[in-house]
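Open the model in your viewer and keep the selection panel at hand. The stops below go from the whole chain to single residues.

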Amino acid sequence: MSTDRPLVLVDGDPLAYKYGSLADPALAEYQASLLIGQLQSQGEVRVFLTSPSSVKGYRYHIAKTAPYQGNRSDSKGTFPCKGRVRAYLKSLPGTQETSLLEADDLLAQASREAPGSLIYSPDKDMMGLAGGFLRLENPLMEPTWVAPEASWWDPERKNYWGWRQPLYQILTGDRADNIKPILPSLKPKQAREILDASGSRQEALQAVMDLLLRSGAQPERIVEQTALVALSGAPNPAKRVGEFWGRLTGQPLIPTMQVLSNTWRTSWLQSS
């Protein structure tokens, strides 16, 4: 890889649906190739895809509170050229496909292994990563840069950029993936107030844990939620939880989370 060209990490699943909705296979592939050409002018492109066989990937099996839904479904539209577009994306050098995880997980892992990478994805889950986010409407424009220690609220996308984003999801859930809030009575505005009042990752972690435990949230529920929202290359749920909290704090699991993770892992193994 050239040392002066950044990686451009591309979430391929939305592209397969976007261009796969066109009626003409040749046009669908051509439109996808135009976008890839723009992205290749920005750096070395790596595309990440979720295999069609992953409809029962690990998240479907660890979601005990409510069935994991995912936010891509052929039932939500007609995509006659999706297979053609996927085949084109898979033919590109460096494309990776996963069946146990999701494309988001592979992309997140790649972004951590190559700091300073550019990211192209419409998925709000990606906003918790550090890197340069290319504009969806025009990837040739200056990207939105998110530093590892930065985090702020985006009123237009109604989500956080940076490290507060996954904590916000833990508290509020993710309607697109049918991940329910841990505390149904906690409104998004209240979750924001808690996170905004925390000046550091460690303070935010402690504030979230104190709130959840004080409110009577079950240990299994807390760790289930963490494993569902965390973007990680580790399919083992307990390991995903450990990686998530370790990245957030820069330290091993705090004792409270270690106990929760061990407790939840035991109950998950028994019920799976």
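What percentage of the 272 residues in the protein chain is buried? Buried residues make up 50%, where buried means under 20% relative accessible area, exposed means over 50% and partly exposed lies in between (1.4 Å probe, protein chains only).

This is a predicted model, in which local features need pLDDT of at least 70, side-chain atom pairs count only at pLDDT 80 or more, and totals for chains, interfaces and linings use all residues. Residues are numbered from 1 along each chain as its sequence is written, and side-chain values use heavy atoms, with hydrogens and water left out.

**Whole chain**

Colour by pLDDT, the predictor's confidence in each residue, from 0 to 100. The mean over the protein chain is 87, and 84% of the residues reach 70 or more. Now select residues 267–272, where the pLDDT is below 50. Beyond near neighbours in sequence, this stretch has 7 contacts in the model, a contact being heavy atoms within 4.5 Å. Where pLDDT is low, the predicted coordinates should not be read in detail.

Switch to a cartoon. The protein chain has 11 helices and 8 strands; these are DSSP runs numbered from the N terminus, with helices (H or I) of at least four residues and strands (E) of at least two. Of the contacts in the protein chain with a separation of 6 or more, 69% are between residues 24 or more positions apart.

**Strand β1 and the start of α1**

Select Asp-11 in strand β1 (residues 7–11). Asp-11 is buried, at a relative accessible area of 2%. The side chain of Asp-11 makes a polar contact with that of Ser-121 (2.9 Å). A polar contact is a pair of N or O atoms within 3.5 Å; within protein, one must be able to donate a hydrogen and the other to accept it, and residues adjacent in sequence count only if both atoms are side-chain atoms.

Next, take Gly-12, which belongs to helix α1 (residues 12–20). Gly-12 counts as buried because its relative accessibility is 0%. Show what Gly-12 touches: leaving out residues up to four places away in sequence, these are Val-47, Phe-48, Leu-49 and Leu-89. Then draw a C-alpha to C-alpha distance from Gly-12 to Arg-86: 8.0 Å in space, for 74 residues in sequence.

**Helix α6**

Select residues 164–172, which form helix α6. This helix is mostly covered, with 9 of its 9 residues buried. Just after α6 comes Gly-173, with a positive phi near 80°.

Within α6, pick Gln-169, whose relative accessible area of 7% makes it buried. The side chain of Gln-169 makes a polar contact with the side chain of Asp-125 at 2.9 Å. Apart from residues up to four places away in sequence, Gln-169 touches Asp-125, Asp-174, Gln-225 and Val-229.

**Helix α9**

Follow Gln-169 across to Gln-225 and Val-229, both among the buried residues of α9. Helix α9 (residues 219–229) has 9 of its 11 residues buried, so it is largely enclosed by the rest of the structure.

**The cavity**

Which residues line the largest cavity? Select Ala-63, Thr-65, Ala-66, Pro-67, Tyr-68, Asn-178, Ile-179, Lys-180, Arg-221, Glu-224, Gln-225 and Leu-228. A cavity is a set of points, on a 1 Å grid over the protein atoms alone, where a 1.4 Å probe fits but cannot get out; lining residues have an atom within 4 Å of a point. The structure holds 1 cavity of 30 Å³ or more, and the volume of the largest is about 60 Å³. Grid points are joined across faces, edges and corners, and a volume is the space filled by probe spheres set on the points.

The lining divides into 6 nonpolar, 3 polar and 3 charged residues. Ala, Val, Leu, Ile, Met, Phe, Trp, Tyr, Cys and Pro count as nonpolar, Asp, Glu, Lys and Arg as charged, and the others, Gly among them, as polar.

**Two loop residues with positive phi**

Most residues other than glycine have a negative phi. Keep Asn-178 selected from the lining: its phi is positive, near 60°. Asn-178 sits in the loop between α6 and α7 (188–196) and is buried, at 18% relative accessible area.

Then go to Lys-158, with a positive phi near 55°. Lys-158 lies in the loop between β7 (151–154) and β8 (159–162). Is Lys-158 buried or exposed? Lys-158 is exposed, because its relative accessible area is 60%.

Conventions:
1 Å grid on protein atoms, 1.4 Å probe; cavity = no way out; pocket = protein on both sides within 12 Å on 5 of 7 lines; lining within 4 Å.
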